[in-house]
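Let's take a walk through this protein together. Keep the structure open and turn it around as you read.

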Amino acid sequence: MENKMEYKLDKKELYFIIIGIPVVTLIVLLAYSGYYGDVLSAEMGAGVFTSFSSTLFIWLGCRTIATFLWRKYPWHINPAKHILVEIPLIITYTLGIGFLINEINIRLFDIPVHEQGLQAMDIVFTLVITFFILSLHEGWFFFTNWKTSIVNEEKLKKENMESQLETLKNQINPHFLFNTLNTLSSLIEEDKETAIDYVARTADFFRSILSLKEKDIIPLAEELQLIENFYHLQQKRYGENLNLKIEIPRDLKSTFVAPLTFQMLTENSIKHNIISKANPLHIEIYAQDDYLLVRNNLQKRNDANPTSGIGLENIIKRYGFLTSKPIEINQENKTFTVKIPILRKA
């Protein structure tokens with residue numbers, strides 16, 4: 001799944017930076033107090049300038065680099081690449097800032113170039129400060145990411161529960177039970193073995209729904225099995241007037257989908273469209289680029305059952321927690337298509 005964390009500067013982090021920069025500046029001044037001399041000396045002025053400006057630029061630079069790498073190589077996906085890119089970037093940036101500020105000191109304050117030993121100490125001390133600041137930001141991002149993941153997980157569980165509730169409500173309403181029992185009654189008279197299979201598939205369908213209550217995603221193959229069971233139950237009622245065509249490459253069946261996605265979209269298609277011998281309903285499920293598509297021919301019913309609208313909205317909300325790619329809905333004169341992003345585990 002994709003990393004959904006945002007790295008915008010919020011108020012808490014802003015306060016963190018506003019407090020942190022003066023504190024680190026003071027630490028650097030105290031560390032070099034013996035070198036800078038009198039309070040009103042040029043060396044002390046250079047020290048204040050060097051300490052504050054280097055801390056400011058290093059802090060903001062570390063945040064920029066850390067933010068970029070959290071987006072480009074998230075820790076939970078590419079930890080090795082993250083750190084292998086981060087360390088040379090940070091060192092190069094720090095040395096560049098140090099050299100620039102040292103040149104400004106020489107030209108602005110007429111401070112002589114440090115001795116080699118002091119220069120080496122400057123570099124080491126600056127790098128220590130840099131990696132300290134970097135560790136603060138990495139820790140901040142880890143904490144924020146963890147907190148965001150917890151919130152999103154709770155929201156996703158709620159959306160999944162709503163999805164299951166909506167599906168159960170659709171299936172266990174009197175209209176559905178009447179049709180199911182009516183179909184079963186006809187099958188018992190015509191073919192007892194088929195009737196037994198129908199009852200078994202109905203029980204298996206409800207059992208499958210109930211087993212999904214703790215799952216945020218399920219394998220695509222499992223979702224396809226569920227939709228085939230659902231289609232089998234519906235076809236006993238509509239016969240050849242209802243057609244479902246699934247064309248999913250074998251390699252995509254190991255990817256993932258939010259549970260009941262296809263079932264809810266298929267249920268909506270059946271609920272809102274005319275299904276008859278003269279106007280059969282054709283539903284297709286297939287893959288295109290990085291999306292799974294559910295498409296049906298559009299022949300709206302004037303007496304369509306009232307709906308809460310929670311089905312499609314629920315799918316959109318759930319995928320909003322799972323991926324940055326949006327659900328795409330396309331309604332034309334003769335077709336209605338919903339594009340679902342393919343989900344892959346890291």
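Before we start, one term: two strands count as paired if DSSP finds at least two bridges between them. Keep in mind, too, that this is a predicted model.

Now find strand 4, which covers residues 281-288. It makes a hairpin with strand 5, and just two residues sit between them. In that turn you'll meet aspartate 289, whose phi is positive, at about 55 degrees. Strand 5 spans residues 291-297 and runs antiparallel to strand 4, with six bridges joining the two. One of the pairings to look for is glutamate 284 with its bridge partner in strand 5, arginine 295.

Strand 4 has another neighbor to visit. Strand 2 (residues 242-247) is joined to strand 4 by six bridges, and here the two run parallel. To see this pairing up close, pick out asparagine 243 and its bridge partner in strand 4, histidine 282.

Further along there's a second hairpin, built from strand 6 and strand 7 with three residues between them. Strand 6 takes in residues 328-331 and strand 7 residues 335-341; they run antiparallel and share four bridges. Look across from isoleucine 329 and you'll find valine 338 in strand 7.

Finally, let's leave the strands for some helices. Where does aspartate 191 sit? Its place is the loop between helix 6 (174-190) and helix 7 (192-210). Aspartate 191 counts as partly exposed because its relative accessibility is 34%, which falls between the 20% limit for buried and the 50% limit for exposed. On the surface, Asp191 gathers with Glu189, Glu190 and Glu193 in a patch of negative charge.

Definitions and conventions:
Residues numbered from 1 in each chain as written. Predicted model: local features only at pLDDT ≥ 70, side-chain atom pairs only at ≥ 80, totals over all residues. Heavy atoms only, no water. Patch = residues over 30% accessible without salt bridge, like charges linked within 9 Å, V, L, I, M, F, W, Y side chains within 5 Å. Areas by Shrake-Rupley, 256 points an atom, 1.4 Å probe, with all protein chains shown as cover. Salt bridge = Lys/Arg side-chain N within 4 Å of Asp/Glu carboxyl O. Lys, Arg positive; Asp, Glu negative; His and termini not counted. Charge placed at Lys NZ, Arg CZ, Asp CG, Glu CD. Buried < 20%, exposed > 50% of the residue type's maximum accessible area, 1.4 Å probe, protein only.
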